[in-house]
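Colleague: Could you take me through one part of this model closely, element by element, and say what surrounds it? I would like a connected account rather than a list.

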Amino acid sequence: MLIGLAALIAVTLQAIWLIVRHLNTMAHEGAHAMTGSALGHRIEGVELNPDATGSTERSGYKFPGHLTARFVGYLGPSLFGLGAAKLIEVGHSVAVLWLTLILLILLLFVLRKVFSYVPVIATGLVIYLVARYGSVGANTIAAYAIAWFLLLSGVRVVLEDNLGAVDAISLASMTYIWRGFWVLLWLAGSIAAVAVGGALLV
């Protein structure tokens with residue numbers, strides 16, 4: 001609960017959020033890339049910007065797959081957080097750190113522009129040092145922190161970007177369905193993830 005409270009503070013306080021939001025962006029764009037790749041799309045590149053925004057360029061897609069890959073971005077952090085919570089619940093806290101590190105390494109292969117490497121390498125280095133040299137207690141705390149942050153940041157970003165979300169605008173353009181519909185789906189999904197993930201973590 002204390003780790004969850006600390007994660008809530010990090011997500012809520014603007015001064016901290018401006019820095020840690022990069023972690024959410026990596027999960028968001030990583031979800032686009034993973035889903036697109038699983039659907040057979042060619043990942044042209046992922047770009048992470050200094051203002052904690054990002055983009056994922058894909059090609060070779062068809063409409064249903066394009067819609068799915070576009071939709072999953074805002075649920076990505078929540079789903080990763082839910083997965084981490086489940087691993088912790090079954091006693092595999094250390095696996096959360098190593099799986100996160102593996103996903104960050106995979107992300108390195110599709111990055112574009114120099115700055116994109118900065119948050120990924122910095123985050124990966126911290127996780128590696130904790131996983132490799134930290135005590136069992138430190139590993140557990142780090143795993144809980146990752147899970148809580150991803151779950152809570154998923155809700156904040158949906159609320160913050162809201163109707164201005166590029167993905168919502170794109171989905172509305174593709175389907176002719178009001179962009180608010182997609183925002184409501186993301187919000188419902190991210191809140192549900194907090195409820196389920198929180199239950200697993202406490």
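**Helix 4 and its surroundings**

Modeller: What covers the buried residues of helix 4 includes helix 2 (14-38), helix 5 (93-108), helix 7 and helix 9. This is a predicted model, and what follows should be read in that light. The buried residues of helix 4 itself are Gly 76, Pro 77, Ser 78, Gly 81, Ala 84, Ala 85 and Ile 88. In length, helix 4 has 14 residues and reaches 20 Å from its first C-alpha to its last, close to the 20 Å expected at 1.5 Å a residue. Helix 4 is followed by Gly 91, whose phi is positive, near 90°.

Among the helices that cover helix 4, helix 9 can be described in some detail. Helix 9 runs over residues 179-201, and because its 23 residues should span 33 Å at 1.5 Å a residue, the 33 Å found between its end C-alpha atoms agrees with that expectation. Helix 4 and helix 9 pack with their axes 9 Å apart and at an angle of about 15°, which means that helix 4 is roughly parallel to helix 9. Their crossing is left-handed. On the helix 4 side, Ser 78, Leu 82, Ala 85, Lys 86, Ile 88 and Glu 89 take part in the meeting, and on the helix 9 side their partners are Ser 190, Ala 193, Val 196, Gly 197, Leu 200 and Leu 201. Of the helix 4 residues just named, Ser 78, Ala 85 and Ile 88 are buried, while Ser 190, Ala 193, Gly 197 and Leu 201 are buried in helix 9.

Leu 201 deserves a closer look, since it is among the residues with the most contacts inside the largest nonpolar core, together with Val 46, Val 120, Leu 171 and Trp 186. That core has 46 residues, and its largest share, 11 residues, comes from helix 7 (residues 136-161). Leaving aside its neighbours within four places in sequence, Leu 201 is in contact with Ala 85 and Ile 88, and also with Tyr 144, Ala 147, Trp 148 and Leu 151. As a general point, nonpolar side chains in soluble globular proteins tend to be buried together.

The packing of helix 9 extends beyond helix 4, for its buried residues also pack against helix 3 (63-71), helix 7 and helix 8 (166-175). Those buried residues include Gly 180, Trp 182, Val 183, Trp 186 and Gly 198. Within helix 3 lies Leu 67, which counts as buried because its relative accessibility is 18%, under the 20% cut-off. Leaving aside neighbours within four places in sequence, Leu 67 is in contact with Trp 182, as well as with Leu 171, Met 174 and Thr 175.

The loops on this side of the model can be added to the picture. Tyr 176 lies in the loop between helix 8 and helix 9, and it has a positive phi of about 65° although it is not a glycine; at 75% relative accessibility, Tyr 176 counts as exposed. Asn 162, in the loop between helix 7 and helix 8, likewise has a positive phi, of about 50°, without being a glycine, but at 34% relative accessibility Asn 162 counts as partly exposed.

Note on methods
Residues are numbered from 1 along each chain as its sequence is written. This is a predicted model: local features need pLDDT of at least 70, side-chain atom pairs count only at pLDDT 80 or more; totals for chains, interfaces and linings use all residues. Side-chain values use heavy atoms; hydrogens and water are left out. A nonpolar core is a set of buried Ala, Val, Leu, Ile, Met, Phe, Trp, Tyr and Cys residues joined through side-chain atoms within 4.5 Å. Buried means under 20% relative accessible area, exposed over 50%, partly exposed in between (1.4 Å probe, protein chains only). Helices (H or I, at least four residues) and strands (E, at least two) are DSSP runs, numbered from the N terminus. Contact means heavy atoms within 4.5 Å. The expected span of a helix is 1.5 Å times one less than its number of residues. Axes are lines fitted to C-alpha atoms, for helices over the stretch in contact, and angles run from 0 to 180 degrees between N-to-C directions. Angles under 35 degrees count as roughly parallel, over 145 as roughly antiparallel, 65 to 115 as roughly perpendicular and the rest as oblique. A crossing is left-handed if the near helix is turned anticlockwise from the far one by less than a right angle, and right-handed if clockwise.
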